[in-house]
Amino acid sequence: MDPPAFRLARLPVLDDPAFRRVHAALPEARLVGGCVRDAVAGRPIADLDLATPRVPEDVIATLRAAGIPVVPTGLAHGTVTAVADGRPVEITTLRRDVATDGRHATVAFTTDWREDAARRDFTINAMSMDAEGNVWDWFGGRDDLAQGVVRFVGDPATRIAEDYLRALRFFRFHARYGRGAPDTAALAAIRAAVPGLAILSAERVWSELKRILAAPDPREAVRLMAETGVLAAVLPEAVARERLDALVAGGAPADPLLRLAALCPDADVERLAERLKLSGAETATLAALADPAPAGDERAWRAALASRGPEALTAATWLAEAEGRPGDWAARRAWIAATPRPVFPLRGADVLAEGVPPGPRVGAILAALQRRWAEAGCRDEAETVRRWLRETVAATGA
Ligand code: ATP
Ligand code: MG
């Protein structure tokens, strides 16, 4: 059998109880993909993905016989999910591609580890590791990781034509693992593949964009996306890269929606959300981000804090700062963090208690009082607002 390329000692992932349990039942299984990459890089590991030469039926039967619950989560492509120690572990039968169409592959099972590695996208993602820390690394993944190079396994143009999503995945991994000059062959192939990106569904595009924008520092990846024409193809609304750069340089949180808002300051939120198929919650957040930081004095800020809440208002300060609007935005964020959110002190019941009959007038009176309260800087306590209420009712009749 193919000998391992090197061995890693004292890896915490190998002591992970979920891994140990599944491995005890499937001793031939190896860790694959992102968890090996991150183990080799000495980074924290997100998901545990295993591969095995056994066919899925065998994997399921063996795990069940060992008392490990298993769910056939993706049988069509050979994946089952075991739940060990309360943690999901994906186990996929080794595969090779039989046919590809630019997005989906028809796969056949194989027992050849190298074949399975060869269909993976990048050298850093194509290593596998056994329970002793032996790593098989056919394509130089460890060196590429050490040098910060994201390199396709095989010919970049061929690999992208098999699955255009890989052109976007390149930037996801470049943002997280890339350092220095990117692989020129990869960039040339990506540039040539831009027209093919139209095959990708909006959901896939947004899911990749989100991951790119969630990287600690996506500036260089986004710059390369612009340079290759990928950015204009998948996110034509991204007209303000300098704002993304300023946002990241200023230390704003690594929030993909905040970064999207900075990149696309003029975008029609509804249309962008519809095009990228954002979730309802994402759309609402992006819409809130389109509301600029208040321009006025302390009263305007207190009113904004009351109506928008600290999180949205803080986000607005980051965007204002990235846009270059003058102001001491750091001080403003400190003020938001230190200021309790003002709460309008009256309810409908208070209006009814003054003798106003139930009906639309109750809401109208409340809204007017709340406006006055906000204009006064949301400072006035219940007693003052109640006095205004009594004055209103006295002036206009119950
Ligand atoms: P992350 O930490 O971002 O999840 P990951 O490496 O786990 O990184 P996934 O998208 O979860 O990335 O994919 C898991 C593995 O499957 C990859 O490491 C790679 O080996 C392989 N892979 C996933 N998608 C593709 C693809 N489109 N083409 C080729 N290989 C792929
Ligand atoms: Mg993953």
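Helix H7 is where I'll start: with five residues, H7 gives the most to the shell around ligand 1. Before going on, note that this is a predicted model.

H7 runs over 165–177, and helix H2, at 34–41, is the other helix to mention here; each supplies at least two residues of that shell.

Now the shell itself. There are 13 residues around ligand 1, and those that come nearest are Arg37, Asp163, Arg166, Arg169 and Arg172. What is the make-up of the shell by residue class: how many nonpolar, polar and charged? The split is one nonpolar, three polar and nine charged.

Next, the polar contacts. Arg166, already listed among the nearest residues, has a side-chain N or O atom 2.7 Å from a nitrogen atom of ligand 1. Arg176 places a polar side-chain atom 2.8 Å from an oxygen atom of the ligand. For Arg120, the distance from a polar side-chain atom to a ligand oxygen is 3.0 Å. On its own, ligand 1 has 580 Å² of accessible area, and the protein covers 78% of that.

Where does ligand 1 sit with respect to pockets? The space it takes is the largest pocket.

That leaves the domains. The protein is divided into four stretches: domain 1 covers 1–147, domain 2 covers 153–287, domain 3 covers 291–338 and domain 4 covers 348–396. Which domains does ligand 1 lie between? Residues of the shell come from both domain 1 and domain 2, so the ligand lies between these two. As for the wider layout, the C-alpha centre of domain 1 is 64 Å from the C-alpha centre of domain 4.

To recap: ligand 1 takes up the space of the largest pocket, between domain 1 and domain 2. Nine residues of its shell are charged, and helix H7 is the largest contributor, with five residues.

Technical notes:
Residues numbered from 1 in each chain as written. Chains lettered and ligands numbered in written order. Predicted model: local features only at pLDDT ≥ 70, side-chain atom pairs only at ≥ 80, totals over all residues. Heavy atoms only, no water. Near = heavy atom within 4 Å. Polar contact = N/O pair within 3.5 Å; in protein donor to acceptor, adjacent residues only side chain to side chain. Areas by Shrake-Rupley, 256 points an atom, 1.4 Å probe, with all protein chains shown as cover. 1 Å grid on protein atoms, 1.4 Å probe; cavity = no way out; pocket = protein on both sides within 12 Å on 5 of 7 lines; lining within 4 Å. Sits in = over half its atoms within 2 Å of the grid points. Helix = DSSP H or I, 4+ residues; strand = E, 2+ residues; numbered from the N terminus. Nonpolar A, V, L, I, M, F, W, Y, C, P; charged D, E, K, R; others polar. Domains from an automatic or database assignment.
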